[in-house]
Amino acid sequence: MDVGTTNPSWLLSFPHVVVATISSLLFGYHLGVVNEPLESISIDLGFRGNTLAEGLVVSTCLGGAFIGSLFSGWIADSAGRRRAFQLCALPMIIGAATSATTRTLAGMLIGRFLVGTGIGIGPPVASLYLAEVSPASLRGTYGSFIQIATCLGLMGALFIGIPVREIAGWWRICFWVSTVPAGILAFAMIFCAESPHWLYKKGRSAEAEAEFERLLGGSHVKYAMLELSKLDRGDEADTVKLSELLRGRHFRVVYIGSTLFALQQLSGINAVFYFSSSVFKSARVPSDVANALIGVANLTGSIVAMLLMDKLGRKLLLLWSFFGMTMSMVLQVAAANSYVSGSGSLYLSVGGMLMFVLTFALGAGPVPGLLLPEIFLNRIRAKAMAFCMSVHWVINFFVGLLFLRLLEQLGPQLLYSIFASVCMMAVIFVKKNVMETKGKSLQEIEIALLPPE
């Protein structure tokens, strides 16, 4: 039993984790790829000034992501985690190539929808895979790679989009660039380990042992298999139905997971990402400088979260993150107050926005995607993750759709007050419902959350 208390070498699992997080890099890249070039795209494809068409170029990708996330659990359970990554890379390559070569708005929308299905499948499968192949001592650190890769993808999209105003047709290159990491993901997955949890669930124990040896080292295999054997593998013929997730023994963990994602999106983070440029414009900050500041705040928070995740734990980071976001929104409310002077208002607004992004990246950004695969049972993990990601995409879509209208109707002070209230509600929810999973094996978490009937 000594083996259970010593930690496996990080060098064994690290390459597999890095390849898996390419899907998150692509996720970030495709979310940001149309921001800079949208004007050039609208001129070249003949829909300049049509705000509905411009909105569709952005939101069609989100619609595809919702569809992809709905099927991600079924794909990950039936085809395996590795094959699921390859299947998510395929529509990203075809979709990006379609968008890069199209001469019409319809072609662009088809390409964006295909890319969306790929980025809908990628993030839930990446969260699953990282939770299942990482040693317990490193799971938090590796989980943070997803957020860091997403940040790097967003920043990469903004960086590659810089020449778009000077070079005609450069937006086509922006789409072509994304096919390279997607191709690398599909190819490199051939050499990566399959999830031992998935193999065990399928009754392939010998293969699960072999994969544990690749990921943890020979001395840890017996202990890892002993931990797995404590759990009911479940009858493979007995598929997980949606009704099973929404009531009975599994309801509590699915409720915690979907509520965490809902609170993450309702905190206003995507409203801040989508519409930060208008705030910076009023402060006379150039858009490229503004994007760089937001990117640096996001990346800094993500790196700090990576360093602290396995030291302070998930729950503490979530609590302080949501509390910091509440305080940031309070600064935004103060900035919108008529009693604050012009320059003071701008400092508060820009400072509040950067602090909001930084504190989001410390916990509310990376933790839900890491925590959910930890608290879901092996039998329901992929399907439950798919359900929670679908909730995430639906709310993301409506926040993007309604934010500007609500800002006009309610005014910034009331809207930011609502966001601050949601963040405070999140602090209370996390305090009452979320358990700490730091340093525990997935089996220990499962036994703690769901005692045998």
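Which residues does Ser 40 touch, not counting residues up to four places away in sequence? In this predicted model, Ser 40 touches Val 164 and Trp 171 once those sequence neighbours are set aside. Ser 40 has its place in helix H4, which covers residues 38–44. With a relative accessibility of 18%, Ser 40 counts as buried, because the cut-off for that class is under 20%.

One of these two partners, Trp 171, leads on to a helix pair. Trp 171 belongs to the residues of helix H9 that meet helix H6. From H9, the residues taking part are Trp 171, Arg 172, Phe 175 and Trp 176, and from H6 they are Ala 96, Ala 97, Ser 99, Ala 100 and Thr 101. Sorted by class, the contact of H6 with H9 holds six nonpolar, two polar and one charged residues. As for geometry, the axes of H6 and H9 (residues 170–177) come within 8 Å and cross at roughly 170°. Angles over 145 degrees count as roughly antiparallel, so H6 is roughly antiparallel to H9.

Helix H6 also pairs with helix H7, which spans residues 105–133. Here the axes come within 7 Å, and the crossing angle is roughly 155°. H6 and H7 are therefore roughly antiparallel to each other, and their crossing is left-handed. By class, the contact of H6 with H7 has 16 nonpolar, eight polar and three charged residues.

A further partner of H6 (residues 81–101) is helix H5 (residues 51–79). How are H5 and H6 set relative to each other? Their axes come within 7 Å and cross at roughly 130°. Because this angle falls outside the ranges for roughly parallel, roughly perpendicular and roughly antiparallel, H5 and H6 are oblique to each other. The crossing of H5 and H6 is right-handed. On the H5 side, the contact involves Ile 75, Ala 76, Asp 77 and Ala 79, which meet Arg 81, Arg 83, Ala 84 and Leu 87 of H6. These residues divide into five nonpolar, no polar and three charged.

Burial can also be followed along a whole helix. Helix H3, made up of residues 22–32, is mostly covered, with nine of its eleven residues buried. Among the buried residues of H3 are the aromatic Phe 27 and Tyr 29. The others in the buried set are Ile 22, Ser 23, Ser 24, Leu 26, Gly 28, His 30 and Gly 32.

Aromatic rings offer another view of the fold. A search of the whole structure finds ten aromatic pairs. One of them joins Tyr 255 and Phe 429, whose ring centres are 5.8 Å apart and whose planes stand at 75°, an edge-to-face arrangement. This pair links distant parts of the chain: Tyr 255 lies in helix H15 (residues 251–266) and Phe 429 in helix H22 (residues 412–433), 174 residues apart. Are the two partners buried or exposed? Phe 429 is buried, because its relative accessible area of 9% is under 20%. Tyr 255, at 36% relative accessibility, counts as partly exposed, because that value lies between the cut-offs of 20% and 50%. Elsewhere, ring pairs link Trp 10, Phe 14, Tyr 142 and Phe 145 into a cluster.

How values were computed: Residues numbered from 1 in each chain as written. Predicted model: local features only at pLDDT ≥ 70, side-chain atom pairs only at ≥ 80, totals over all residues. Heavy atoms only, no water. Phe/Tyr/Trp six-rings, centres within 6.5 Å; stacked < 30°, edge-to-face > 60°. Helix = DSSP H or I, 4+ residues; strand = E, 2+ residues; numbered from the N terminus. Buried < 20%, exposed > 50% of the residue type's maximum accessible area, 1.4 Å probe, protein only. Axes fitted to C-alpha atoms, helices over the stretch in contact; angles between N-to-C directions. Parallel < 35°, antiparallel > 145°, perpendicular 65-115°, else oblique. Left-handed = near helix turned anticlockwise from the far one by under 90°. Contact = heavy atoms within 4.5 Å. Nonpolar A, V, L, I, M, F, W, Y, C, P; charged D, E, K, R; others polar.
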